[in-house]
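Student: I am new to this structure and would like a close look at a single part of it. Please begin with one side chain and work outward from there.

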Amino acid sequence: MLQKHCRVSGLRDFLGHRGDSWYRSASGDALGAHVAIGTRIVRYGGDRIVLALDVTIDEAGPVLATHGWTKSSGLSLWDVMDRYAANGARHLLCTDIGRDGAMSGPNFELYDEILSRYPDLGLQASGGVRHAADLQALQALGLPAAITGRALLDGAISDTEVASFRQSA
């Protein structure tokens, strides 16, 4: 199954999390049923799987990051999403790792571009949310969800503001 995921996504190496343990596969070996991507989208339907892709932005655009954000995969977010969308992916959690935890504002341009390329995608933003106004701007773009992380932990956004965003999304 992981080998098919690697063929579909173009990834040669995969790192995943299950419970309290991390597992790694180079070239799709030995993970078996623990991986719920790729063929699972086909089996269970795109509404039941959320792809979580971490990107770094370079001169060519968004590129998938791997190895705990320490390496570039060299794969364009667009190429990977084209493949997953063709296989029925309907939900994406996308983290701009340059903004994650930085309180610098979400990458509105990235999320707008994702939605323009994949208008039926349920997109969740991750990275940079500073305050409720960021949530409102993301909602105006058409995003139904966002990770508030540090803003919530630092008290820059309240539970009530987060709940309001969730209810109106």
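Tutor: Begin with Ser73, whose side chain reaches the backbone nitrogen of Leu75 at 2.9 Å. Keep in mind that this is a predicted model. Ser73 belongs to strand β5, which covers residues 71-76. Its relative accessible area is 15%, so Ser73 counts as buried, the cut-off being under 20%.

Next comes the nonpolar interior. The largest nonpolar core has 30 residues, and Leu77, Leu92, Cys94, Tyr111 and Ile114 are those with the most contacts inside it. Two or more residues each come from β3 (51-58), α3 (77-86), β6 (91-96), α4 (108-117), β7 (122-126), α5 (132-141) and α7 (159-168). Helix α3 gives the largest share, five residues.

Tyr111 shows how parts of the chain meet. Apart from neighbours within four places in sequence, Tyr111 is in contact with Cys94, Thr95, Asp96, Pro106, Leu123, Ala125, Ser126, Leu138 and Leu143.

One of these contacts, Leu138, leads to helix α5, where the buried residues are Ala132, Asp134, Leu135 and Leu138. Viewed down the helix axis, the buried residues of α5 fall within an arc of 155°, so they line one face of the helix. The general background is that an α-helix has 3.6 residues a turn, so residues three or four places apart point the same way. Gln136 and Ala140, on the other side of α5, are exposed. After α5 comes Gly142, which has a positive phi, near 110°.

Terms used. Residues are numbered from 1 along each chain as its sequence is written. This is a predicted model: local features need pLDDT of at least 70, side-chain atom pairs count only at pLDDT 80 or more; totals for chains, interfaces and linings use all residues. Side-chain values use heavy atoms; hydrogens and water are left out. Helices (H or I, at least four residues) and strands (E, at least two) are DSSP runs, numbered from the N terminus. Buried means under 20% relative accessible area, exposed over 50%, partly exposed in between (1.4 Å probe, protein chains only). A polar contact is a pair of N or O atoms within 3.5 Å; within protein, one must be able to donate a hydrogen and the other to accept it, and residues adjacent in sequence count only if both atoms are side-chain atoms. A nonpolar core is a set of buried Ala, Val, Leu, Ile, Met, Phe, Trp, Tyr and Cys residues joined through side-chain atoms within 4.5 Å. Contact means heavy atoms within 4.5 Å. The arc is that of the directions from the helix axis to the C-beta atoms.
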